[in-house]
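Me: I have a structure here that I have not looked at before. Can you take me through it?

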Amino acid sequence: MPDVRELATNKPFLRSIAENNYEIPADIDSFVLAYALLANLASTDDELRDELSYMLLASGIIDRHKLTIQQVEKILFLLLDKEHLFYNIGEIGKDSVFMRSFSCLIIAGILYTDNRNPQLPARTVHHTKDALLRYAREEKDWRGYVEGKGWAHAMAHLADALDECAQHQSMATEDRRGILQALSKLVKLSEPLYHEEDMRLAAVAFHIIVGKQVSEEFLMEWVTSCYVERDADVSVWMSASNAKNFLRSLYFLLFWDNMALNIVEQIADTLKKQDEVYLAARN
């Protein structure tokens with residue numbers, strides 16, 4: 001019986017699985033391998049972390065139903081703990097972000113796979129949603145690409161997890177409202193978001209809107225809540241820029257599909273108000 005814990009850090013072995021369409025060898029216990037691969041999510045080696053461990057977990061194990069639902073739930077609860085999603089939460093500019101961010105991405109994969117044939121208990125999905133919303137409040141490191149170490153991209157990965165969570169069949173209207181309210185805060189951060197995070201965040205709202213999963217009245221107020229009024233503080237200008245990019249992305253997603261025209265108009269009015277304030281300040 002091979003020592004799976006050692007194989008989990010053996011890049012040639014992991015590459016051999018990747019090259020074989022992520023088929024797990026018959027003599028490897030998928031649960032033991034999945035558990036061992038979780039440690040690699042903290043690696044600063046982007047090939048080991050992203051191309052091998054994440055892809056093997058998501059595509060080779062979770063998406064192909066190599067685990068029982070009890071094993072999936074156990075992995076999910078591990079991902080939500082202080083050693084994974086909340087590992088050294090609050091640190092900025094440190095390597096701990098990789099564990100948090102890629103834990104988030106695996107959570108997204110679990111929710112996506114489960115939603116096609118729901119087996120996770122509703123209470124587990126709600127617990128996951130609560131943890132993701134807490135993470136959205138507590139994460140402070142929103143870097144995109146880290147030179148020499150690859151993608152951290154915590155905002156994009158969080159958006160993916162929130163998207164899958166919002167679309168899970170266990171979620172209700174109130175849950176989706178909470179997710180949208182969290183989005184309205186994330187899009188107004190003072191950190192620069194210039195690695196396509198606006199589109200990943202907009203996708204969360206887009207799917208809720210086109211699915212008619214919350215009321216139009218709520219959405220009209222929610223769009224307005226994404227407005228940021230500029231003043232002399234440069235950090236506020238960054239917040240306004242982030243919010244504008246998000247609203248623009250959401251506008252075009254809806255416009256291209258000719259969906260929710262009242263919401264499209266509300267977004268346009270909010271963007272116009274933002275730019276009118278900018279132009280007035282320049283004159």
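Reply: What follows is a short tour of this predicted model, topic by topic.

Me: Start with the inside. Which residues touch the most other members of the largest nonpolar core?
Reply: Trp 222, Phe 246 and Leu 250 do, in a core of 92 residues. Helix 6, which spans residues 96-116, contributes the largest share of this core, 11 residues.

Me: What is Leu 250 in contact with, leaving aside its neighbours in sequence?
Reply: Beyond four places in sequence, the contacts of Leu 250 are Ala 202, Ala 205, Phe 206, Ile 209, Trp 222 and Ile 267. Trp 222 is thus on this list and also among the three core residues that touch the most other members.

Me: Why would a core be nonpolar at all?
Reply: As a general tendency, nonpolar side chains in soluble globular proteins are buried together.

Me: And helix 5, which of its residues are buried?
Reply: In helix 5, residues 69-79, the buried ones are Val 72, Glu 73, Ile 75, Leu 76, Leu 78 and Leu 79. They pack against helix 3 (30-37), helix 6 and helix 7.

Me: Switching to cysteines. How many disulfides are there?
Reply: Zero, from a search of the whole structure. Cys 165 is in no disulfide, and the nearest cysteine sulfur, in Cys 104, is 10 Å away.

Me: Why is Cys 226 not bonded to another cysteine?
Reply: Because the closest cysteine sulfur, that of Cys 165, is 19 Å from the sulfur of Cys 226, which is too far for a bond. The cut-off for a disulfide is 2.5 Å between the sulfur atoms.

Me: Are those two cysteines buried or exposed?
Reply: Cys 165 is buried, at a relative accessible area of 0%. Cys 226 also counts as buried, at 1% relative accessibility.

Me: What does Cys 226 show up next to in the loop between helix 9 and helix 10?
Reply: Two residues of that loop, Val 187 and Lys 188, have Cys 226 among their contacts.

Me: Take Val 187. Buried or exposed?
Reply: Val 187 is buried, since its relative accessible area is 1%. Apart from residues within four places in sequence, Val 187 is in contact with Leu 201, Cys 226, Ser 239, Asn 242, Ala 243 and Phe 246. The C-alpha atoms of Val 187 and Ala 240 are 8.7 Å apart, with their positions 53 residues apart along the chain.

Me: And what about Lys 188, how accessible is it?
Reply: Lys 188 is partly exposed, with a relative accessible area of 29%. Not counting residues up to four places away, Lys 188 touches Ser 225, Cys 226, Tyr 227, Val 228, Ser 239 and Ala 243. From Lys 188 to Tyr 227 the C-alpha separation is 8.3 Å, and the two are 39 residues apart along the chain.

Me: Empty space next. What is the volume of the largest pocket?
Reply: About 280 Å³. It is lined by 13 residues, and the closest to its centre are Ala 136, Arg 137, Lys 185, Leu 186 and Leu 189.

Me: Which helix gives the most to that lining?
Reply: Helix 9 does, with five residues. Helix 7 (122-138) and helix 9 (173-186) each supply at least two. By class, the pocket lining has six nonpolar, two polar and five charged residues.

Me: How many cavities of 30 Å³ or more are there?
Reply: One. The largest cavity holds about 50 Å³ of space, and its lining consists of Val 187, Leu 193, Glu 197, Asp 198, Leu 201, Asn 242, Asn 245 and Phe 246. Helix 10 and helix 12 each provide at least two of the lining residues. That lining has four nonpolar, two polar and two charged residues.

Me: Last topic, backbone angles. What is the phi of Glu 196?
Reply: Positive, at about 65 degrees, although Glu 196 is not a glycine. Most residues other than glycine have a negative phi. Glu 196 sits in the loop between helix 9 and helix 10, and is exposed, at 54% relative accessible area.

Me: And Ala 260, where does it lie?
Reply: Ala 260 is in the loop between helix 12 (234-256) and helix 13 (261-282). Its phi is also positive, near 50 degrees. At 29% relative accessibility, Ala 260 counts as partly exposed.

Methods: Residues numbered from 1 in each chain as written. Predicted model: local features only at pLDDT ≥ 70, side-chain atom pairs only at ≥ 80, totals over all residues. Heavy atoms only, no water. Buried < 20%, exposed > 50% of the residue type's maximum accessible area, 1.4 Å probe, protein only. Core = buried A, V, L, I, M, F, W, Y, C linked by side-chain atoms within 4.5 Å. Helix = DSSP H or I, 4+ residues; strand = E, 2+ residues; numbered from the N terminus. Contact = heavy atoms within 4.5 Å. 1 Å grid on protein atoms, 1.4 Å probe; cavity = no way out; pocket = protein on both sides within 12 Å on 5 of 7 lines; lining within 4 Å. Points joined across faces, edges and corners; volume = space filled by probe spheres on them. Nonpolar A, V, L, I, M, F, W, Y, C, P; charged D, E, K, R; others polar.
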